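Good morning, and thank you for making time for this presentation. I would like to take you through the contacts between chains in one assembly, and I ask you to keep the structure in view.

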Protein chains: 10
Amino acid sequence: MLFHVEMTVNLPPQLDAARAAALKEEEKAMSQQLQREGVWRHLWRIAGRYANVSVFDVESPAHLHDVLSRLPLFQYMTMEVTALCRHGSSIRANDQ
Amino acid sequence: MLFHVEMTVNLPPQLDAARAAALKEEEKAMSQQLQREGVWRHLWRIAGRYANVSVFDVESPAHLHDVLSRLPLFQYMTMEVTALCRHGSSIRANDQ
Amino acid sequence: MLFHVEMTVNLPPQLDAARAAALKEEEKAMSQQLQREGVWRHLWRIAGRYANVSVFDVESPAHLHDVLSRLPLFQYMTMEVTALCRHGSSIRANDQ
Amino acid sequence: MLFHVEMTVNLPPQLDAARAAALKEEEKAMSQQLQREGVWRHLWRIAGRYANVSVFDVESPAHLHDVLSRLPLFQYMTMEVTALCRHGSSIRANDQ
Amino acid sequence: MLFHVEMTVNLPPQLDAARAAALKEEEKAMSQQLQREGVWRHLWRIAGRYANVSVFDVESPAHLHDVLSRLPLFQYMTMEVTALCRHGSSIRANDQ
Amino acid sequence: MLFHVEMTVNLPPQLDAARAAALKEEEKAMSQQLQREGVWRHLWRIAGRYANVSVFDVESPAHLHDVLSRLPLFQYMTMEVTALCRHGSSIRANDQ
Amino acid sequence: MLFHVEMTVNLPPQLDAARAAALKEEEKAMSQQLQREGVWRHLWRIAGRYANVSVFDVESPAHLHDVLSRLPLFQYMTMEVTALCRHGSSIRANDQ
Amino acid sequence: MLFHVEMTVNLPPQLDAARAAALKEEEKAMSQQLQREGVWRHLWRIAGRYANVSVFDVESPAHLHDVLSRLPLFQYMTMEVTALCRHGSSIRANDQ
Amino acid sequence: MLFHVEMTVNLPPQLDAARAAALKEEEKAMSQQLQREGVWRHLWRIAGRYANVSVFDVESPAHLHDVLSRLPLFQYMTMEVTALCRHGSSIRANDQ
Amino acid sequence: MLFHVEMTVNLPPQLDAARAAALKEEEKAMSQQLQREGVWRHLWRIAGRYANVSVFDVESPAHLHDVLSRLPLFQYMTMEVTALCRHGSSIRANDQ
C-alpha cells in the first residue's frame, strides 16, 4: 500500500559539519537501498527547499513507521504522512 | 518537468446532480486522455477525502496552467502546486 | 491496520429537515453495522461539537476510503485521517 | 470519563543521550503501569512521527492533569486534550 | 468539574428575522435557567464580537455535551471546549 | 473592568533548575497577593498544559499591562488578552 | 482608554444593492458622529481591502461593545479588538 | 513607489455567466489600460490558480487603493498587499 | 504617507542583560527622536505583550524600511507592515 | 520560465558577526552575477523585513533549485516558491 510523505530537514545550526556530512551519506545509502527494494517508490526534491516528496510502498503503517524512524536524519526531519489509494480514473495498474 | 499538484474538489451543495455527474464523467475522460499522453504522470486518491495527489510532466508552468484550467471541474477545485526536481539520492532515471 | 479519523459534520442550513433526519438515520445504521463487523472499532463524540473521533480497523487505505466514502453523510463531512501503528510501550495485544 | 490526548515529543538536540534514554525508560514504565491500572486506556503511535494518540479514563480533568504532568517526558511534550463522550451511534457499552 | 467554552454565533444572512429573534429569546431563557442551576457558572460577552466566554460546572463531558447541544442556537455556533482544573496557586476554594 | 488572559509558560530547557524554582515561588506569591486584592479574579489550570486561563479585574488596559509585566515569569510567558464585558443574558450582578 | 480595532467588511453577494447603499450611508453618518464625539479617535482605510484600522477612546470594554455592536454594518463585519496602553517611549501626552 | 499585490478571484457559483463574462472583459480592458500607463507594472498568472501576482507603481497607498478598488472584479477578489523598496543588491536602476 | 506597523520584540534568553538594557535605551532614544520629527506618528503598547502598534508618516516604503531597519532592536523584532490611506468617512484632515 | 520566490533570512543570534558579514558579501556578489546573467530577473526588498521578493527566469525547476541552493545564505533562508506563467491580460511580451 502507498503512503505519501513530505519530509523537511531542519539541521540545527550548531551540528558539527563532519557529523552532518556523515549523516547525509548514511541517509543517501539507506534511501537508495530502500529504492532498490521497491519500498521507497518515488523520491523528488522540492525546488528551493531542503525537503522532498516521497511515495512509499509498504505492508502496513507499522512497516512505514519502522522504515521512516530508522532513517539517519529522522530526528532532524518533520514528516507529513498521507494515506493514498487507487484513484477511480487512474489507468496505471500499479498505482494502487 | 514535474509538478506536484494536490487537488481538492468542493462541489457546491446546490449543484444539479445530473450536471455534477456529467462534469465528473468529462473530468474522468480528460484525465485518462492526459494520462495516456504522459502529461498526467501519477494520480492517487487521498484516503477519506474527495481529493487527489497528482504529478504532471509538462513543458512549462504555462503548459501546466493550460492543462489544469481546462479540467471540467477546475472551477470547483482548490489546487496546490509544487515544483519538483530530481533528488540527488534518486536511483530512477526518469524521476527527473 | 488502524486509522484514526476525526469527522466533522457540516450540514448546510438550507438542507431539508426531513432529508437531514433520514440521512442521519442511515448514517447511524451503517455505522452500527460497521461496528458489529469490527471495521469501525471505536467511535466517540467530541464534547460540544457535531464531530467524532473514530478508529477504523481496515485491510488497506483503499478499504478505508471505500468505507468512508459510502457513509450517507460523507459529502457533508470533513475527514482528517491519521495512520496509526502499535506503540512500543503498549501492553494491549490488539492495539496493533 | 474519557479524554483524547495527542502527545508530540520534542527532545532538544542538546539533551544528553544517556539522560534521554533514561527518561524514555521511565516514561515507558510509568505508561505501562497506568495502562495496567486502566487509566491509560489506549496508546497508539502516529506513523512517521515521534508522537502518539492516547485515550485516558480518569475521574476528572484534575486527575488527567495530575497523570499527564507527572510523565517523565512532560516538559518535552506538546499535549492536545479533547474531552470525549459516548456517541449516540456507538454499540460499545464501555466507550462511555 | 469545570469546562471553559468559547462560543461564536454565526447566523446565516438568509435566516428569517422573526425566527432569529425567537431563537435568541429561547437561548436567553435556557441560559438563565442553567445559570440559576449553577451549571453555567460564568458568562461574559467578548467585546466587539457576537461571541462569549463561558465556564460550565458539569458532572462529566457527556453532561457538558448534553447541555451545549440542547442550546437553541447550537447549530449556528462554533464551540471551543477546554478542560480546566484547580490551579496550584489559586486561593479560591470553589475554583476547583 | 474584566480581561480574559490565557497564559502559556515556556521555560527554556537551559534555564537553571534552582533559578526556575525560585521564579515559580515568586510567581505563586505574587499571584496569590493579586488574588487577595481582587485584581486576579479567576485562575484555572488548563488540563494537560503548563498554561492557565485567568480573568483580571483592573482599572484600565494600562493597569492590566502593569500587573502582567511585573509577573516574575512574564518574559517566559505568551499572553493572549481578550476584553470582556457583561453579557445581556447574565444573571450575576458582578460579572460586569 | 484606547482599543485598536481592525474591521473587515464582508457583504454577502446576494445583498440587495439599494439596501447595501443605505447601510453604508448610515454607517458613515454614525462613524462621523462618533468621530466628532471623540469616541472613534482614528480611522484609516487599509490599502487594497474593504477594511479599516481604527482606534477607539472609550470608558470601558462594555462601552466599546455598545458602540461597535450598534454600527449598521456590524453583522457583516469581522472585528479584531486589541487593548492598548501608553508606551513607555511615547512623547505624546494623550496617546495614553 | 512599488507595491506587490497577490489577487485571488472567487466568483460565487450563482453568478450569472453572461455577467461574469462581461466583468472579466471589463477587468481585462482596465488592466491593459493601467499597464499601458505604467501603473500596473507587472502581471503574472499563478500556475494552477485563478490568481495573479502583480507589481504596481503608484504615487501613494491612496493611489493604490483607488486603482484596486475600481477594478470591475474588486468585490470578488482577495488582495494581499506588500510594500516593496529597492534592494541593496539590485543592479536594476528602475526596480526602486 | 502612513504605514501601520505592529512590532513584537523577541529577545533571546541568552542575551547579556547589560547588552539588552543598553539596546532598549538606544531604542527609546531613537524612537523619541523619530516621534519629535513627526516620522513615528503614533506609538502604543499592546496590553500584556512585549509589542507595540505604531503608525509611521514617511515619504515612501524605502524611507519606512530605512527607519525600521536602523532601530537598535530591529534584529530582535518581528514587523508586520500595512499600508494605510485616508478613509472616506474620516473627518480628520491629517489622517491622510 | 518564471518562478516567484519570497526569501526570508533568519540568521541565528549566535552566528559570528564577521562570518555573517562575509556571507552577506558573498550573497550580494552572487546575486548581482545572477542578475547580470538574466537569471535573477527581479529583486525587491520587503519594507520592514529582512526578506525579499524575487522573480527568477530559469530553464527548469532543477535549474531553479540549483541556483537557490548555492546561495551563500541558503541554509539560513526560508523560501516560498510559486510557478508563474503569462497572464492572458498582460501586454508585456517578455513577462512570459
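**Chain contacts in a predicted assembly**

Let me begin with a strand pairing that crosses from one chain to another: β4(G) pairs with β2(I) in the antiparallel sense, over three bridges. Please bear in mind throughout that this is a predicted model. Within that pairing, Cys85(G) has Arg45(I) in β2(I) as its bridge partner.

The reciprocal pairing is found as well. Strand β2 of chain G, residues 40–46, is paired with β4(I), again in the antiparallel sense and over three bridges. Here Arg45(G) is the residue that stands opposite Cys85(I) in β4(I).

Strand β4 of chain G, residues 77–86, also has a partner inside its own chain. Seven bridges connect it to strand β1 of chain G, residues 2–9, and the two strands run antiparallel. As one example, Glu6(G) has Glu80(G) in β4(G) as its bridge partner.

For the layout of a single chain, I turn briefly to chain A. Which elements does chain A contain? It has two helices and four strands, and from the N terminus on their order is β-α-β-β-α-β. Along the principal axes, the C-alpha atoms of chain A fill a box of roughly 50 × 25 × 20 Å.

I now return to chains I and G and consider their interface as a whole. The contact draws 29 residues from chain I and 29 residues from chain G. Together the two chains bury about 2,700 Å², and carbon and sulfur atoms account for 61% of that area. On the side of chain I, Trp44(I), Arg45(I) and His87(I) provide 25% of the area buried against chain G, more than any other three residues. Arg45(I) is thus among the leading contributors of area and is also the bridge partner of Cys85(G).

What polar interactions does this interface hold? Between chain I and chain G there are 15 residue pairs in polar contact, with both residues at pLDDT 80 or more. The number of salt bridges across the interface is zero.

Several elements of chain I take part. At least two residues each come from β1 (2–9), α1 (17–36), β2 (40–46), β3 (51–57) and β4 (77–86) of chain I. The largest share, six residues, belongs to β2(I). By class, the side of chain I that touches chain G comprises eleven nonpolar, eleven polar and seven charged residues.

How are the two chains related in space? A turn of 180 degrees with a shift of 0.0 Å along the axis lays chain I on chain G, with an RMSD of 0.0 Å. This is the relation of a two-fold axis. Both copies use the same surface, in that 100% of the contact residues of chain I recur in chain G.

The second interface I wish to present is that of chain B with chain J. Eleven residues of chain B are in contact with eleven residues of chain J. The buried area is about 690 Å², and carbon and sulfur atoms give 90% of it. In chain B, the residues that lose the most area to chain J are Met1(B), Pro61(B) and Cys85(B), which together make up 57% of what that side buries.

Between chain B and chain J, the count of salt bridges is zero. The count of residue pairs in polar contact, with both at pLDDT 80 or more, is likewise zero. The elements that give two or more residues to this side of chain B are β1 (2–9), α2 (61–69) and β4 (77–86) of chain B. The residues on that side divide into eight nonpolar, two polar and one charged.

The symmetry of this pair can be stated in a similar way. Chain B superposes on chain J through a rotation of 180 degrees with 0.0 Å of shift along its axis, at an RMSD of 0.0 Å. The copies meet through the same surface, because 100% of the interface residues of chain B are also interface residues in chain J.

Finally, I note two pairs of chains without contact. Chain E and chain H are not in contact, and their closest C-alpha atoms are 15 Å apart. Chain E and chain I are not in contact either, with their closest C-alpha atoms 15 Å apart.

Terms used
Residues are numbered from 1 along each chain as its sequence is written. Chains are lettered from A and ligands numbered from 1 in the order in which they are written. This is a predicted model: local features need pLDDT of at least 70, side-chain atom pairs count only at pLDDT 80 or more; totals for chains, interfaces and linings use all residues. Side-chain values use heavy atoms; hydrogens and water are left out. Contact means heavy atoms within 4.5 Å. Buried area is the accessible area (1.4 Å probe) that two parts lose on being put together, summed over both. A salt bridge is a side-chain nitrogen of Lys or Arg within 4 Å of a carboxyl oxygen of Asp or Glu. A polar contact is a pair of N or O atoms within 3.5 Å; within protein, one must be able to donate a hydrogen and the other to accept it, and residues adjacent in sequence count only if both atoms are side-chain atoms. Ala, Val, Leu, Ile, Met, Phe, Trp, Tyr, Cys and Pro count as nonpolar, Asp, Glu, Lys and Arg as charged, and the others, Gly among them, as polar. Two strands pair if DSSP finds at least two bridges between them. Copies are superposed by least squares on the C-alpha atoms of residues with pLDDT of at least 70 in both.
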